[in-house]
Amino acid sequence: MKCKKDDILLCDISKLWLKDISSKISETTYALYFSNVENHILPYFQNKKMVEIDREMIQTFINQKLENGRLDHKGGLSVTTVKGLYHNIKDMLQYAKMLGYKVQDIGKIQFSQSQYKEFAILNKEQQKCLEQVVKNDGNIQKIGIIICLYTGIRIGEVCALKWEDVQFENAVLHIYKTVYRTKDFSKNNRKTKLIVKEPKSKHSVRYIPLGSTLLEYLKKYRQEDSCFVLTGNNEKPLDPRTYQNQFYSYLKKCNIKRVKFHILRHTFATRWIENNCDVKSLSEILGHSSVTITMNTYVHSNFELKQEGMKKLEENQEFLS
């Protein structure tokens, strides 16, 4: 039976919406939206009619995902991830409205600032241990750890690096590709596939200056320009998931708890700030669109840095003298 204008279900709209946007967005973005719908939105809203979805219902959904939204039930999703879910729902509501179906005005949704997590970093002793373990490893993949610790690039970016991207003559690293593992919608029925493509943001395409010590270190492992840095061949990049597991093995040797590879990026940014280097330059090196993002998302002072700041403040102001 054909749905009435106020009787269509979210599950039906989601199929129409995904089909409509499939040719308008990138393959990886479509895979993300498809995953959001299948894993989070549809299981929560189930058989809800579009006209029934109101602000309170969406706010409850948002709060639940922030509190305990991970698929492994080990905590909440990040604010960034949940905002993505919200925008998917909002787009589906607008799409339903465009098709002539009745939808409610959901108004403004709140995202609790308390849900923002402070990212962990490696302290100096942990970083020193990790560097030593990596240097003693005979696997060529080790050099990616050092690159990320001293440039702050992402795991997908280092997996996509070819030696032609390391411009030794100019002492710069050219970042303009990243490796994604994404859902495969082709007819070969594979669940996922690995692709190399330009990053989503234009700010992620950048040149990063290389220090002389890092440059000399990389020269020892240099191969043909067409070869991927971490695999040594010119056809297949290293899977970021494989590299994450390799990173876990390094952490274990240092007695450091399992953390995501992204901790190297956070550590680089924090070391940069600790050395009183320019934040604007850091923002561009990290590939951010603004300095505010850099400060709020990646740069976090540790307690040692706060103590040092208090000490300098007292010294400069002759405190209680």
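**Close-up 1. Strands β2 and β5 are joined by four bridges.** In this predicted model, strand β2 covers residues 172–175 and runs antiparallel to β5. If you would like a residue to start from, take V172, which stands opposite P209 in β5. Zooming out a little, β2 and β5 belong to an open sheet of three strands, ordered β1-β2-β5 with antiparallel pairing. The edges of this sheet are β1 (166–167) and β5 (206–209), and each of these edge strands pairs on one side only.

**Close-up 2. A171 has a positive phi in the loop between β1 and β2.** The phi of A171 is about 55°, although this residue is not a glycine. To find A171, look in the loop that lies between β1 and β2. Is A171 buried or exposed? The answer falls in between: its relative accessibility is 22%, so A171 counts as partly exposed, given that buried means under 20% and exposed over 50%.

**Close-up 3. The rings of F45 and F61 form a tilted pair.** A search of the whole structure finds 10 aromatic pairs, and here we visit one of them. The ring centres of F45 and F61 are 5.2 Å apart and the planes meet at 45°, so the pair is tilted; the tilted class lies between stacked, under 30 degrees, and edge-to-face, over 60. This pair links distant parts of the chain, with F45 in helix α2 (residues 27–45) and F61 in helix α3 (residues 55–68), 16 residues apart. Both F45 and F61 are buried. Keep Y44 in the frame too, as ring pairs link Y44, F45 and F61 into a cluster.

**Close-up 4. Two charged side chains sit over aromatic rings, those of K162 and R258.** For K162, the ring below the charged end belongs to F228, and the charged end lies 4.7 Å from the ring centre. For R258, the partner is Y248: the charged end sits over the tyrosine ring, 3.7 Å from its centre.

**Close-up 5. N255 has a positive phi in the loop between α9 and α10.** Here is another residue that is not a glycine but has a positive phi, in this case about 60°. The loop that holds N255 lies between α9 (240–253) and α10 (263–274). How exposed is N255? Its relative accessible area is 74%, so N255 counts as exposed, the cut-off being over 50%.

Terms used: Residues are numbered from 1 along each chain as its sequence is written. This is a predicted model: local features need pLDDT of at least 70, side-chain atom pairs count only at pLDDT 80 or more; totals for chains, interfaces and linings use all residues. Side-chain values use heavy atoms; hydrogens and water are left out. Two strands pair if DSSP finds at least two bridges between them. Helices (H or I, at least four residues) and strands (E, at least two) are DSSP runs, numbered from the N terminus. Rings of Phe, Tyr and Trp (its six-membered ring) pair if their centres lie within 6.5 Å; planes under 30 degrees apart count as stacked, over 60 as edge-to-face and the rest as tilted. Buried means under 20% relative accessible area, exposed over 50%, partly exposed in between (1.4 Å probe, protein chains only). A charge sits over a ring if NZ of Lys or CZ of Arg is within 6 Å of the ring centre and within 35 degrees of the ring normal.
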